[in-house]
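Student: I should like to understand the structure shown here. May we work through it by question and answer?

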Amino acid sequence: MKMLAAAAATKVAEWVSELTAVPAPSTARLTVILDDITGSMKNIPVEQRAACYDLKGIALALLGQESDSLGAHLNACRLDKNQFRFALNMAVTYRRFGRETESLNLHAKVLEMDNGYNATTLGSLAHSLANIGEIEEARKALDEAFRVCTGKDPNELRNLALWSANVGLNSECVELLARSLRCFRNVPRGTTPALEVLHEHMDVLATWFVWDYRLALAVAQVATWQGKFPELTALTADLPRVIKDPDPAWGEVFASTRGSRSRANAAAAEEYLE
Amino acid sequence: MSNGGYRFPRKVLDAPKVTDAERSAAGLAPSAFTPKLGPGAVFKIEDDDVVFPTARIAGSTRTSHSERWVIVVDRIEDSRNDKTKTISIVPCSASCRGAAASFEYDIPDPTSCGFSKEPIRALVHLLQPILKSELKGFQGQLSATALTGLQAVIALKFGLSQERDRSICLPPVAPSPAPNG
């Protein structure tokens with residue numbers, strides 16, 4: 001018996017919520033979700049079928065089943081050639097299994113699709129570029145991701161934080177985490193130094209650190225070293241940057257909190273020198 | 001349709017494909033290692049690839065091992081970039097006994113960082129560059145606490161920092177200079 005469209009949409013939304021949760025569901029839970037998706041596939045309305053294949057691909061990828069996962073993603077992309085999200089999720093799965101070239105090719109296609117040119121695609125592309133050692137190109141893509149980021153989606157901000165950490169932009173990572181945490185709690189970012197914001201939300205942050213250790217590393221680097229070498233920072237400011245951009249986009253994005261961050265750095269340096 | 005100023009770096013995909021054997025011959029690590037490279041990454045290398053200057057002292061001996069575990073300390077930008085063929089590592093030892101010196105660091109909870117033995121001591125005074133192609137196997141990643149602890153010892157070694165208890169050893173008021181004659 002066919003599932004009603006509204007019921008199917010609710011079901012799909014539930015699966016999306018679980019499969020994109022941070023940290024990811026346990027293996028046992030993933031298996032249950034996968035069985036649920038597979039069992040519902042025949043009864044699901046045609047318009048939801050592509051989404052089901054996409055979610056099946058994500059679940060299988062999280063379970064480490066490469067070929068089945070990519071097969072499901074391919075079905076999703078064939079059923080709905082215009083949905084950039086399906087192609088992007090397939091690109092992410094390629095990356096998960098170390099197939100960086102295929103992942104990069106697909107990212108290039110997603111950027112050309114309707115609505116595909118967005119912060120998530122650009123950030124994910126930056127992640128893939130960094131994984132093949134193209135750090136300069138990765139930072140260019142990330143700068144553009146910062147520029148087009150709406151700043152209103154906490155998941156997007158958190159993902160951008162991870163991608164920043166993956167290209168060595170630890171300060172940006174911390175600031176993005178602060179924005180994401182405030183966004184999750186529906187509180188304006190304000191001018192509180194980022195590390196203080198993180199400290200206020202340690203309960204959520206702890207689960208994110210479990211999700212990806214790179215977030216913990218970036219926060220630790222900033223918390224430990226930021227502002228500790230003010231003279232050194234002044235000297236390195238004159239060194240050539242990896243990206244020769246006189247006015248990088250992230251500078252605009254973070255301009256609103258730059259003053260407060262500088263003050264926090266100065267306070268940290270003062271405390272250190274005391 | 002693309003609607004932004006950013007253009008996909010097609011040259012990255014158009015570049016000729018390089019096999020891991022060719023990368024190794026050029027001094028670079030296998031491409032599968034690249035995403036893992038960054039501060040705190042734990043790798044195995046050939047023991048002979050680590051220089052122990054004290055082994056050159058006349059009469060001294062060096063116990064040879066089949067492998068040596070090392071910790072990458074270069075930042076992500078330099079460790080993943082193919083333009084730099086060397087990478088800075090801190091060699092580790094599982095046979096050190098007694099308290100760590102100021103130029104050594106005992107890795108907290110080493111088995112959770114990928115080490116197969118414990119205790120593990122990072123020999124910070126032997127921090128040295130090796131070729132990226134000499135990295136043989138990725139083992140794990142230092143925790144945030146262990147990495148910042150190691151970096152603190154490195155900062156100390158290079159004179160970028162000093163021990164906290166040394167910074168208050170000046171007299172509260174500078175004494176008058178001793179009279180000449």
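Student: How many residues of chain A are in contact with chain B?

Tutor: This is a predicted model. Two residues count as in contact if their C-beta atoms lie within 7 Å. On that basis, 25 residues of chain B are met by residues of chain A, and the number on the chain A side is 30.

Student: Which helices of chain A each supply at least two residues of the side that touches chain B?

Tutor: Chain A has 16 helices and zero strands. Those that each supply at least two residues of the side touching chain B are α6 (100-112), α7 (119-131), α8 (135-148) and α13 (213-225).

Student: By class, how many residues of the side of chain A that touches chain B are nonpolar?

Tutor: Seven residues on that side of chain A are polar and five are charged. The nonpolar residues there number 18.

Student: Is α6(A) roughly parallel or roughly antiparallel to α7(A)?

Tutor: The axes of α6(A) and α7(A) are 10 Å apart, and the two helices pack at an angle of about 155°. Angles over 145 degrees count as roughly antiparallel. Therefore α6(A) is, with respect to α7(A), roughly antiparallel.

Student: Is the crossing of α6(A) and α7(A) left-handed or right-handed?

Tutor: The contact includes A:L104 and A:H107 of α6(A), together with A:S124 and A:L125 of α7(A). Its residues divide into four nonpolar, six polar and one charged. The crossing of α6(A) and α7(A) is left-handed.

Student: What percentage of the residues of chain A count as buried?

Tutor: A residue is buried if 20 or more other C-beta atoms lie within 10 Å of its own. Of the 274 residues of chain A, the share that counts as buried is 43%.

Key
Residues numbered from 1 in each chain as written. Chains lettered and ligands numbered in written order. Predicted model: local features only at pLDDT ≥ 70, side-chain atom pairs only at ≥ 80, totals over all residues. Helix = DSSP H or I, 4+ residues; strand = E, 2+ residues; numbered from the N terminus. Buried ≥ 20, exposed ≤ 12 C-beta atoms within 10 Å, placed from the backbone. Nonpolar A, V, L, I, M, F, W, Y, C, P; charged D, E, K, R; others polar. Axes fitted to C-alpha atoms, helices over the stretch in contact; angles between N-to-C directions. Parallel < 35°, antiparallel > 145°, perpendicular 65-115°, else oblique. Left-handed = near helix turned anticlockwise from the far one by under 90°.
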